[in-house]
Amino acid sequence: MKKHSLILSLFVSLAALFTACQKDLSFETSGTPSAGTLQSETSGDCLPKTVAGVYEAATALDGNTNYIEVQVDVLQAGSYLIYTDTVNGIYFRGTGVFNTAGLNTVRLRGNGTPLAMGISNFVVKYGLSECSVSVPVLPAGGASPAVYTLSSGTGGECMSAAVSGTFTEGALLGSSNTVTINVNVTTIGTYNVSTVATNGITFSGTGALLTTGAGTITLTASGTPTAAGTTNIPVTVGTSSCNFPVTVIGPASFSVDCGSAMVNGTYEEGVALGAGNTVDIQVNVTTVGGYNISGTVNGMTFSRSGNFTATGPQSVTLAGSGTPIADGTFNVPVSAGSSPCSFSVTVDPGPAAPAGTWKFTAGTTTYQGPTEDASVASSGGATTLVVGGGTSSGSAVFSLAFTNQSGGITTGAYSGTAMTGKFNIFMFTDGTITYQGMPMTGSNISATITTFNTTTHIVEGTFSGTAKDGSGNNV
């Protein structure tokens with residue numbers, strides 16, 4: 001109730017209506033859960049995966065440095081919880097919100113204290129999907145640098161180095177771009193390896209080597225390749241060194257035929273796009289290579305990136321993300337390739353706000369959030385109902401107050417112009433934008449209560465009209 005004290009005080013000063021406040025109605029909503037799957041190899045290992053930090057028996061984990069990262073193919077944006085089982089006294093957990101569909105990387109922070117040295121195998125869970133991650137734990141007091149050498153072959157090449165991921169000229173590298181290198185371990189311990197930037201590419205990694213003899217280290221790439229072709233990446237550890245080749249592909253040459261676009265799924269104002277919101281579009285490739293096709297309008301983005309491995313006509317499916325701001329037909333601009341064009345997407349009017357929420361649109365922006373309290377107060381024969389809420393982030397305040405000067409709250413219309421009989425006051429602010437509708441100020445927010453049930457504790461209604469912004473302009 002505290003965040004709505006301003007609107008209550010306003011009513012006190014205007015009509016001297018409030019002498020007490022008794023909470024009669026209460027609503028609460030929670031965030032929409034996301035949907036998707038963890039990415040994994042056929043072996044069940046998470047793909048890609050990153051294990052960060054040093055793990056030592058009897059030493060508590062620090063979630064800022066001890067974490068694992070996994071990738072999720074998000075089908076529906078929303079809140080998520082991804083976690084592991086508890087193994088060897090430790091576990092990993094991550095929560096948050098997926099704002100867009102498609103591939104997302106999630107960091108799971110480590111918790112607990114390892115009980116003993118060895119390889120700890122964790123099962124990562126998200127929804128109905130699972131994958132596995134192995135974490136090496138050093139013995140207590142063993143977190144000192146390992147002694148090892150790189151295994152090199154003919155011509156100084158790193159022996160059997162395995163490079164993963166696609167490297168495209170001008171495209172930022174990520175957690176899927178890795179190399180696994182063979183080493184020979186003399187003394188167990190930690191490793192921390194970083195290569196010199198070559199062709200805009202740097203490989204680095206930290207971890208632990210738990211056994212002597214043959215072993216492997218895994219390094220993750222960062223940076224942006226500057227030129228296509230084969231690049232030899234040198235690696236040095238102590239007095240040993242070797243190199244491994246990375247093939248960088250150039251950008252593709254292609255044209256896009258927007259006239260062929262087939263828009264799939266339904267689109268509604270204020271409803272986040274999901275896995276079914278895609279666009280099939282034809283392209284004609286003249287030079288193979290990497291591509292990135294994207295277009296954004298009205299809060300919606302349609303995109304896809306990858307590599308063309310063959311020339312000629314072919315189809316690309318663009319994945320939709322975001323939330324439509326307004327209803328209507330919108331042209332989505334596509335600037336990729338050699339022929340900029342656009343295709344149209346029709347957005348239907350959004351559904352009514354679900355129970356326990358408030359929602360309104362000003363211009364092309366929609367605001368909505370949970371209804372946090374609804375209170376009734378009586379004074380001098382008049383009765384006022386104040387419905388208030390905010391947003392899930394806590395950054396906004398919404399209030400809509402209904403007053404009947406000659407009786408109790410009933411269904412029906414409440415005026416937004418004259419402060420007599422049955423009238424209402426509207427207020428919204430998010431700290432930057434303020435909208436206010438108050439009788440006798442030139443604004444006119446008409447409101448209607450369609451349901452007011454003191455038995456079920458449900459109030460429903462609609463409102464619309466002209467408000468004033470913080471500068472006194474009509475909105």
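A disulfide here is a pair of cysteine sulfur atoms within 2.5 Å. Keep that cut-off handy for the exercises below, and remember that the model is predicted.

**Exercise 1.** Find how many disulfides the whole structure holds, and work out which pattern they follow along the chain.

*Solution.* Start with the search: three disulfides turn up. Now go pair by pair. C46 and C131 have their sulfurs 1.9 Å apart, C158 and C242 sit at 2.0 Å, sulfur to sulfur, and C258 is joined to C341 at 1.9 Å. Finally, count the bonded cysteines along the chain, and the pattern reads 1-2, 3-4, 5-6.

**Exercise 2.** Work out the handedness of the C46 and C131 link, and what the pair ties together.

*Solution.* First, take the torsion about the S-S bond: it's about 85°, so this disulfide is right-handed. Next, place the two ends. C46 is in the loop between β2 (35-38) and β3 (49-52), while C131 is in strand β9 (residues 129-137), so the bond ties together parts 85 residues apart in sequence. As for burial, C46 and C131 are both buried.

**Exercise 3.** Do the same for C158 and C242, then decide whether each is buried or exposed.

*Solution.* The S-S torsion is about 90°, so the link of C158 and C242 is right-handed. C158 belongs to the loop between β10 (147-150) and β11 (162-164), and C242 to strand β18 (residues 240-249), so parts 84 residues apart in sequence get tied together. For burial, the cut-off is under 20% relative accessible area. C158 comes in at 6%, so it counts as buried; C242, at 5%, counts as buried too.

Terms used: Residues are numbered from 1 along each chain as its sequence is written. This is a predicted model: local features need pLDDT of at least 70, side-chain atom pairs count only at pLDDT 80 or more; totals for chains, interfaces and linings use all residues. Side-chain values use heavy atoms; hydrogens and water are left out. Helices (H or I, at least four residues) and strands (E, at least two) are DSSP runs, numbered from the N terminus. Buried means under 20% relative accessible area, exposed over 50%, partly exposed in between (1.4 Å probe, protein chains only).
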